[in-house]
Amino acid sequence: MQDEQNPMENQDLNAPDSPTDPAIASGTPSVPELETRLAEMSDAYLRAKAEAENTRRRSEEEISKARKFAVEGFADSLLPVKDSLESAIAIQAATPEQLLEGVHATLRQLSSALERNKVVEINPPAGTKFDPHQHQAISVVPAEQESNTVVAVLQKGYLIADRVLRPALITVAAPR
């Protein structure tokens, strides 16, 4: 065992590093070079962090504005309906026929405004299968049709962009 010697024992500890040292051969940067690289990386990190913060802040502002003005288009489409109602009230000597005609025209305006804003009626015809996602059963009545189907619509429901805004209030055929 004495024949085996530690290679480090033969090295002079005070001798300069040999060119075969891997750290020197690979060109290890000096301390000033490392400090420069550290400063550059720190600067890049701080800039990236600031950019991420600015992006987050801008996104929050855009979301806030989107929420604040989300109904702008909808409100704009309802203004003609309001104008029509105000015009109808302003007519002092309107006949019932004129009033009815005006109400029908205003209803068409309102329906058009709702359609433009993707508000769709839920008005199931009699015999339609009861759908608890779109219908709210108010009562169960005996009927000459298949059970668990719509007998009558008491109040129309509405969807907005495929989401139920208000379910249709219906009566449902009782099981036989």
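β4 and β5 are paired in the antiparallel sense over 3 bridges. In this predicted model, the two strands make a hairpin with 2 residues between them, and A161 in the turn has a positive phi of about 50°. One of the facing pairs is Y158, which stands opposite R166 in β5.

**The β4–β5 hairpin and β1**

β4 covers residues 157–160 and β5 covers 163–166, and the loop between them holds D162. D162 is not a glycine, yet its phi is positive, about 65°. The relative accessibility of D162 is 76%, so this residue counts as exposed. The cut-off for that class is over 50%.

β4 has two unlike faces: G157 and L159 are on the covered one, Y158 and I160 on the uncovered one. β4 is also joined to β1, by 4 bridges, and these two strands run antiparallel. Within that pairing, the bridge partner of I122 is G157 in β4. G157 thus appears both on the covered face of β4 and in the pairing with β1.

**Residues with positive phi**

Most residues other than glycine have a negative phi. The table gives three residues with a positive value.

| Residue | Location | Phi |
|---|---|---|
| K118 | loop between α4 (96–116) and β1 (119–122) | near 65° |
| A161 | turn of the β4 and β5 hairpin | about 50° |
| D162 | loop between β4 (157–160) and β5 (163–166) | about 65° |

K118 is exposed, with a relative accessible area of 56%. K118 follows α4 and lies in the loop that leads to β1.

**Helix α4**

α4 has 21 residues. From its first C-alpha to its last it reaches 30 Å, close to the 30 Å expected at 1.5 Å a residue. The buried residues of α4 are T106, A113 and L114. Seen down the helix axis, these buried residues fall within an arc of 95°, so they line one face of α4. An α-helix has 3.6 residues a turn, so residues three or four places apart point the same way.

What covers the buried residues of α4? The cover includes α3 (72–90) and β1. On the other side of α4, the exposed residues are E97, E101, R108, E115 and R116. β1 therefore has two roles in this description: it is part of the cover over the buried residues of α4, and it pairs with β4.

**The β2-β6-β3 sheet**

An open sheet is formed by 3 strands in the order β2-β6-β3, with mixed pairing. β2 and β3 stand at the edges with a single partner strand each, so one side of each has no neighbour in the sheet. From one strand to the next, the twist averages 30°. Strands of a sheet pair through backbone hydrogen bonds, either parallel or antiparallel.

β2 and β6 (residues 168–173) run parallel and are joined by 6 bridges. V140 stands opposite V172 in β6. S139 also lies in strand β2. Leaving aside neighbours within four places in sequence, S139 is in contact with I170, T171 and V172. S139 and I170 are 31 residues apart in sequence, with their C-alpha atoms 7.4 Å apart in space. Is S139 buried, partly exposed or exposed? S139 is partly exposed, with a relative accessible area of 27%.

**Around the loop between β2 and β3**

Q145 lies in the loop between β2 (135–141) and β3 (150–155). The side chain of Q145 reaches the backbone oxygen of V150 at 2.6 Å. Not counting residues up to four places away in sequence, Q145 touches G127, V150, V151, A173 and R176. V150 is thus both the residue whose backbone oxygen is reached and one of the residues touched by Q145.

A174 is in the segment after β6. The relative accessibility of A174 is 19%, so this residue counts as buried, for which the limit is under 20%. Which residues does A174 contact, leaving aside its neighbours within four places in sequence? They are V140, V141, P142 and S147. A174 and S147 are 27 residues apart along the chain, and their C-alpha atoms are separated by 5.3 Å.

Definitions and conventions. Residues are numbered from 1 along each chain as its sequence is written. This is a predicted model: local features need pLDDT of at least 70, side-chain atom pairs count only at pLDDT 80 or more; totals for chains, interfaces and linings use all residues. Side-chain values use heavy atoms; hydrogens and water are left out. A polar contact is a pair of N or O atoms within 3.5 Å; within protein, one must be able to donate a hydrogen and the other to accept it, and residues adjacent in sequence count only if both atoms are side-chain atoms. Contact means heavy atoms within 4.5 Å. Buried means under 20% relative accessible area, exposed over 50%, partly exposed in between (1.4 Å probe, protein chains only). Two strands pair if DSSP finds at least two bridges between them. Axes are lines fitted to C-alpha atoms, for helices over the stretch in contact, and angles run from 0 to 180 degrees between N-to-C directions. The expected span of a helix is 1.5 Å times one less than its number of residues. The arc is that of the directions from the helix axis to the C-beta atoms.
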